[in-house]
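Q: I am new to this structure and would like a close look at one part of it. Could you take me through the largest pocket and what lies around it?

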Amino acid sequence: EAGQRRVRAALDAGAAGEREGPAGYFVALARQSQGSVWITGFGVSDDGSALELEGRMSAPHLLPDYLRRLNQEARFRGRPFAQLSLNAIDRSSGAVLPYTEFALRSAAAKAP
């Protein structure tokens, strides 16, 4: 019984990563959905410390407001992002895209 209490205490303290998993992030993203922003990728580390959000948007000027609203969600509140990337050019052809791609990372991506 004492061993089970120690295991339970370790799990409650987050020793094995986030207890709830990523579902809370998806609920927060769904609550803040916006017609001009599409999430195309999401990643979170096992312990919840590293976060990556990728997407596309048809109206880039709306991104700051979207990020402000997302930051009001408990799962995203106070999370510092080290890198924001924006791209509106097709890398293979050099043509202008009909949307702008974005990527937010809590840590800078490593160079390829």
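A: Happy to! One definition helps before we start: a residue counts as buried when its relative accessible area is under 20%, as exposed when that value is over 50%, and as partly exposed in between. Please also keep in mind that this is a predicted model.

Let's get our bearings. The protein chain has 3 helices and 4 strands, and from the N terminus on these elements run α-α-β-β-α-β-β. Of its 112 residues, 24% count as buried. Residues 24 or more positions apart account for 51% of the contacts with a separation of 6 or more.

Now to the pocket. The largest pocket has a volume of about 200 Å³. Its lining is made of Thr40, Glu54, Gly55, Arg56, Ser85, Leu86, Asn87, Arg91, Glu101, Phe102, Ala103 and Arg105. Two or more of these residues come from each of strand 2 (51-57), strand 3 (83-89) and strand 4 (96-105). Strand 4 gives the most, with 4 residues. By character, the lining divides into 5 charged, 4 polar and 3 nonpolar residues.

Let's follow strand 4, starting with a residue of the lining. Ala103 is found in this strand, and Ala103 counts as buried because its relative accessibility is 8%, which is under 20%. Leaving aside neighbours within four places in sequence, Ala103 is in contact with Leu53, Glu54, Gln83, Leu84 and Ser85. Two of these contacts, Glu54 and Ser85, also appear in the pocket lining. Ala103 can be placed relative to Phe42 as well: they are 61 residues apart along the chain, with their C-alpha atoms separated by 9.6 Å.

Thr100 lies in strand 4 too. With a relative accessible area of 12%, Thr100 is buried, because that value is again under 20%. Not counting residues up to four places away in sequence, Thr100 touches Gly55, Arg56, Met57, Pro60, Leu86, Asn87 and Ala88. Among these, Gly55, Arg56, Leu86 and Asn87 belong to the pocket lining.

A residue of strand 1 (37-44) gives another view of this region. Trp38 has its place in strand 1, and at 41% relative accessibility Trp38 counts as partly exposed, because 41% falls between the two cut-offs. Not counting residues up to four places away in sequence, Trp38 touches Glu54, Gly55, Arg56, Met57, Ser58 and Phe102. Of these, Glu54, Gly55, Arg56 and Phe102 are residues of the pocket lining. Trp38 and Arg56 are 18 residues apart in sequence, yet their C-alpha atoms are 5.2 Å apart in space.

From the pocket we can move on to the nonpolar core. The largest nonpolar core has 13 residues, and those with the most contacts inside it are Leu29, Tyr66, Leu70 and Phe76. The elements that give two or more residues to this core are helix 2 (23-31), strand 2, helix 3 (63-71) and strand 4. Strand 2 and strand 4 therefore take part in both places, since each also gives two or more residues to the pocket lining. Leu29, leaving aside neighbours within four places in sequence, is in contact with Ile39, Phe42, Leu53, Tyr66, Leu70 and Phe76.

The helices deserve a look of their own. In helix 2, Tyr25, Ala28 and Leu29 are buried. These three cover an arc of only 100° around the axis, so they sit on the same side of helix 2. An α-helix has 3.6 residues a turn, so residues three or four places apart point the same way. On the other side of helix 2, Ala30 and Arg31 are exposed. What covers the buried residues of helix 2 includes strand 1, strand 2 and helix 3. Phe26 is also in helix 2, but Phe26 is partly exposed, because its relative accessible area of 43% lies between the cut-offs. The C-alpha atoms of Phe26 and Phe42 are separated by 9.0 Å, with their positions 16 residues apart along the chain.

Helix 3 has buried residues as well: Leu63, Tyr66 and Leu70. They cover an arc of only 60° around the axis, which puts them on the same side of helix 3. These buried residues pack against helix 2, strand 1, strand 2, strand 3 and strand 4.

Note on methods:
Residues numbered from 1 in each chain as written. Predicted model: local features only at pLDDT ≥ 70, side-chain atom pairs only at ≥ 80, totals over all residues. Heavy atoms only, no water. 1 Å grid on protein atoms, 1.4 Å probe; cavity = no way out; pocket = protein on both sides within 12 Å on 5 of 7 lines; lining within 4 Å. Points joined across faces, edges and corners; volume = space filled by probe spheres on them. Nonpolar A, V, L, I, M, F, W, Y, C, P; charged D, E, K, R; others polar. Buried < 20%, exposed > 50% of the residue type's maximum accessible area, 1.4 Å probe, protein only. Contact = heavy atoms within 4.5 Å. Core = buried A, V, L, I, M, F, W, Y, C linked by side-chain atoms within 4.5 Å. Arc of directions from axis to C-beta.
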